Each structure stands twice: as structure tokens, then as C-alpha cells.
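Here's a quick tour of one strand and its surroundings, followed by the nonpolar cores. Have the viewer open as you read.

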Amino acid sequence: MKKLERRAVLVLLLTVFLLSGTALFVFRYVRNGSKWATFYANASIYSNGYLKVGTIYDRNGVLLAENGAGENGAPKYNDDKEIRLATAHVVGDSKGNVSTSAENKLADQVIGYDLLNGTYSITNSSHKMRLSIDSEANRAAYRALGSRNGFAAVYNYETGEIICLVSKPTFDPEDPPDVSSASSGTYMNKVLSGRFVPGSTFKLITSAAAIETLDDLDNFTFNCTGAYYVNGEKITCTHAHGHEDFESALANSCNGAFGKIAIRVGAANMKAYTEKCGLTHVYNIDGINNVKGSFDFPSNADLNLGWAGIGQWKDLVNPLSMLVYMGAIAGDGKAAEPHLLHSSVRPSSKTSRMIESSTAEELQKLMKNNVTSTYGASNYPGLDIYAKSGTAEVGDGTNNAWFVGFIKNTDAPYAFVVCVENGSSGSVTAGPVARAVLDELVGE
């Protein structure tokens with residue numbers, strides 16, 4: 001009897017171990033199966049070190065890359081060199097030099113991996129993956145940037161689809177330069193992986209914090225003499241703006257006024273609203289992560305706090321995070337989570353509330369006034385545009401020109417961010433790039 005009991009206990013323990021091991025394997029398979037399947041030693045999907053299965057298209061069905069169709073099994077890219085250059089950072093290259101590219105980060109989606117069949121195709125046909133980007137909109141951004149470095153991005157703040165994602169310097173995936181000889185930033189998608197001084201575009205975060213924390217903002221006045229002194233040191237403006245209220249201070253992008261506002265808002269609130277508005281958030285874009293911004297709001301140094309409130313000091317913003325924040329202003333305080341895979345039936349998910357609906361409405365009015373009173377609505381014919389420019393001092397004697405915002409044209413709920421490195425003023429240098437991309441999209 002005791003022998004039977006011992007055997008029963010042994011069988012029970014073995015069963016427990018078996019079930020535990022099976023559960024652990026299933027857990028690891030679900031979590032890591034796609035990584036196992038796309039391991040470079042998998043001969044069913046790799047040949048000569050290249051993925052040999054999977055094709056990538058844009059949202060309109062334009063072929064961007066066909067794996068295994070090139071020389072020696074390398075990918076074959078679009079025949080149009082401009083399209084290749086304009087989409088290189090999104091699609092990637094055969095050597096995996098762009099860490100955030102579809103060929104690199106979304107390899108399981110490219111080959112059509114699923115939990116049930118793995119990499120096996122019942123129809124024995126190559127999997128087709130469609131990205132949300134519009135190749136012609138990317139081409140428009142590439143052309144508008146010209147020989148200058150920088151980036152341009154557009155996304156649908158209602159659906160979350162990223163429509164345009166261009167970074168320069170770029171490269172031709174048909175003939176990628178060696179990493180050791182490539183120009184700095186050639187293989188970096190700056191919108192996803194970069195952090196940049198935001199300049200005056202950051203005043204839209206300071207504005208949101210001021211609207212929601214200062215009771216007397218409607219009565220705000222400031223006399224700009226070209227410099228605002230804090231403890232004997234100054235925050236400088238481009239020139240003397242004279243008497244301003246809150247609206248004109250934003251339209252004039254007055255550093256003195258916004259330095260004073262940031263100090264009144266306080267370090268704790270500035271930090272809280274930077275986080276609340278998503279500028280320190282990491283977004284999961286179908287498996288690709290952006291980098292989060294970096295900021296410092298000193299509580300014991302008003303001068304530095306003032307500079308931080310106008311987008312200088314130690315402010316570093318990730319462009320994608322700024323893009324989503326633009327969508328939240330347009331979307332009454334919330335925006336769609338960004339994604340890169342196209343689907344006509346995919347439901348959109350929203351961010352947490354960044355700002356109150358009434359704050360978003362106020363910021364919309366302010367950004368529209370920026371356009372009509374400063375940038376010139378006639379420069380954006382046919383576009384119901386809301387924007388903020390920025391000229392960011394990057395510390396080496398040069399400036400980056402920013403232009404951020406959104407449009408509310410019928411069936412065109414698009415937010416945008418554009419930055420031209422070593423540019424002049426944002427609206428003059430970066431504004432035309434935004435217009436070129438938006439014209440391409442709205443004109444469709």
C-alpha cells in the first residue's frame with residue numbers, strides 16, 4: 001500500500017513538473033516565438049544573410065521592398081530612387097543599419113509570422129505587409145527639405161496612422177554607404193530616435209501649464225524691451241515687442257514674457273505638465289519604441305527655469321512625442337496612439353488626457369492666431385492650419401528651425417512636426433516643408 005502511495009506521489013510530481021514545463025514553454029513561445037522565428041540562422045526565411053520572404057508596401061499599395069528579389073537574394077526596393085531615399089528610414093536596408101526600421105524591428109510582421117503556423121505559408125506565397133506611410137507624401141517632404149538635414153513627420157490624430165516619416169541625411173537602400181564612412185545621422189530615424197532642443201515650440205507646453213494653473217492669465221500683460229531681467233541676468237528676445245497680452249506674447253514668441261510665465265508656473269508644475277503632455281513618454285509603435293525627452297526645471301534658479309520654459313536651457317524633445325501632443329491639442333486633449341501598420345478596420349486607441357478640453361480649445365485659438373497674425377494664412381492656401389514656430393539655439397552657434405501644429409481640413413485630421421537643422425526662423429524655413437507635405441495629402 002505504501003509502495004502504491006509513493007508511486008502515486010511520484011506520478012503526481014512528474015505531472016506537476018510536466019505541466020509546469022509546458023506552461024513555461026507556452027509562455028516563452030508566446031512571448032519570444034517571433035524572435036525565435038526571425039533568428040538569422042532560420043534557413044526557411046534567410047538566404048545569404050538576407051530575409052528572402054516578405055514584401056512591404058505603402059498605404060496605397062506602392063511596393064517599397066521585396067525581400068529575396070534582388071541580386072544574391074538581397075531585397076529589391078522601389079524603382080524610383082527618390083521614393084527609396086524618402087522611405088529608407090521607415091523601410092530599412094538589407095544590413096539592418098536602421099535600428100527602428102520595418103525590416104529590422106518588424107521582421108516577424110514582414111515574414112507573416114503567427115503563433116499557429118509560425119513562418120509557414122499555407123499558400124506558399126510571400127507575405128505582404130502594408131505600412132501606414134504615404135510614399136508620395138514622403139517624397140514631398142524629401143524634396144522640400146532639399147539639401148538640408150532635418151526631419152518631417154505627419155500623423156492622423158484620429159486614427160493614429162503615421163503618414164509621413166522622413167529623416168535627413170538619408171541613404172539609398174539599393175547602395176547603402178558603409179557605416180564607418182556615412183555622414184552622422186545617416187542611419188538614424190530622427191523622429192523616433194532623436195532628441196532635439198525644441199526652442200519656442202515648447203511654449204505650447206508652458207502655455208498649457210499656465211492656462212490650467214494661473215488664475216489671472218486673462219489679465220496678463222508684459223512690456224517687452226528686448227530683455228527680461230531675472231536676478232540681474234537677462235532672458236533675451238529677438239527685439240523689443242512692446243506691450244503684449246498672453247495671445248500676442250505667443251504670436252510674437254516673446255522669450256521675456258514666457259520666461260516670466262514659466263517662473264510663475266513654477267518648477268513643479270512645469271515638470272508635471274511636460275510629463276502629462278507626453279514629452280517624457282515612450283510610445284510603442286507596433287513594436288518600435290521612440291526615445292523619451294529629457295528636461296530639467298530647477299526650483300532654485302529662476303533664470304534657468306525661465307529659459308527652460310521657452311524651450312532652451314536643458315530641454316531635449318523627441319519629435320514623435322511633440323507630434324502626438326499636437327494631435328492632443330487638435331483632439332480636445334487626447335490623441336490617437338501612433339502606429340505604423342496600415343489597417344482599414346483597426347480601432348484607434350487614445351492617449352491619456354494630456355490637457356483639459358477647454359485648454360485644447362484655447363490653444364487652438366492661440367495657434368490659429370499665430371498663423372493669421374504672424375506667419376500669414378496666405379502662405380498656406382487651402383489649409384485650415386494651426387501652428388507654432390520655433391528657432392532653437394543648439395549650442396554650436398547654429399539654430400534649428402521648427403514648425404509644428406495640425407490642420408482641420410475635412411477628412412484630413414493631420415498633425416505635423418518639421419525641423420530644418422541649421423535653419424533660420426521656423427515659419428520661414430520649416431513652414432514651407434510642412435506646406436509641401438500637407439498640400440500633397442490634402443490634394444489627394
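## Ground rules

Two strands count as paired if DSSP finds at least two bridges between them. Helices (H or I, at least four residues) and strands (E, at least two) are DSSP runs, numbered from the N terminus. This is a predicted model, with local features needing pLDDT of at least 70 and side-chain atom pairs counting only at pLDDT 80 or more, while totals for chains, interfaces and linings use all residues. Residues are numbered from 1 along each chain as its sequence is written, and side-chain values use heavy atoms, leaving out hydrogens and water.

## Strand β17 and its partners

β16 and β17 make a hairpin with six residues in between, and D411 in that turn has a positive phi of about 60 degrees. The two strands run antiparallel, joined by six bridges; F403 has V418 in β17 as its bridge partner. β7 (residues 150–156) also pairs with β17 in the antiparallel sense, over seven bridges, with Y155 bridging to A415.

So how enclosed is β17 (residues 414–420)? Seven of its seven residues are buried (under 20% relative accessible area, 1.4 Å probe, protein chains only), so the strand is largely enclosed by the rest of the structure. In a regular strand, side chains alternate between the two faces of the sheet. Here both faces are covered: Y414, F416, V418 and V420 on one side, A415, V417 and C419 on the other.

## The nonpolar cores

A nonpolar core is a set of buried Ala, Val, Leu, Ile, Met, Phe, Trp, Tyr and Cys residues joined through side-chain atoms within 4.5 Å. The largest has 87 residues, and L131, Y325 and M326 touch the most other members. Helix α12 (residues 319–330) supplies the largest share of this core, nine residues. Apart from it lies another core of 27 residues, among them V420.

How values were computed
Buried means under 20% relative accessible area, exposed over 50%, partly exposed in between (1.4 Å probe, protein chains only).
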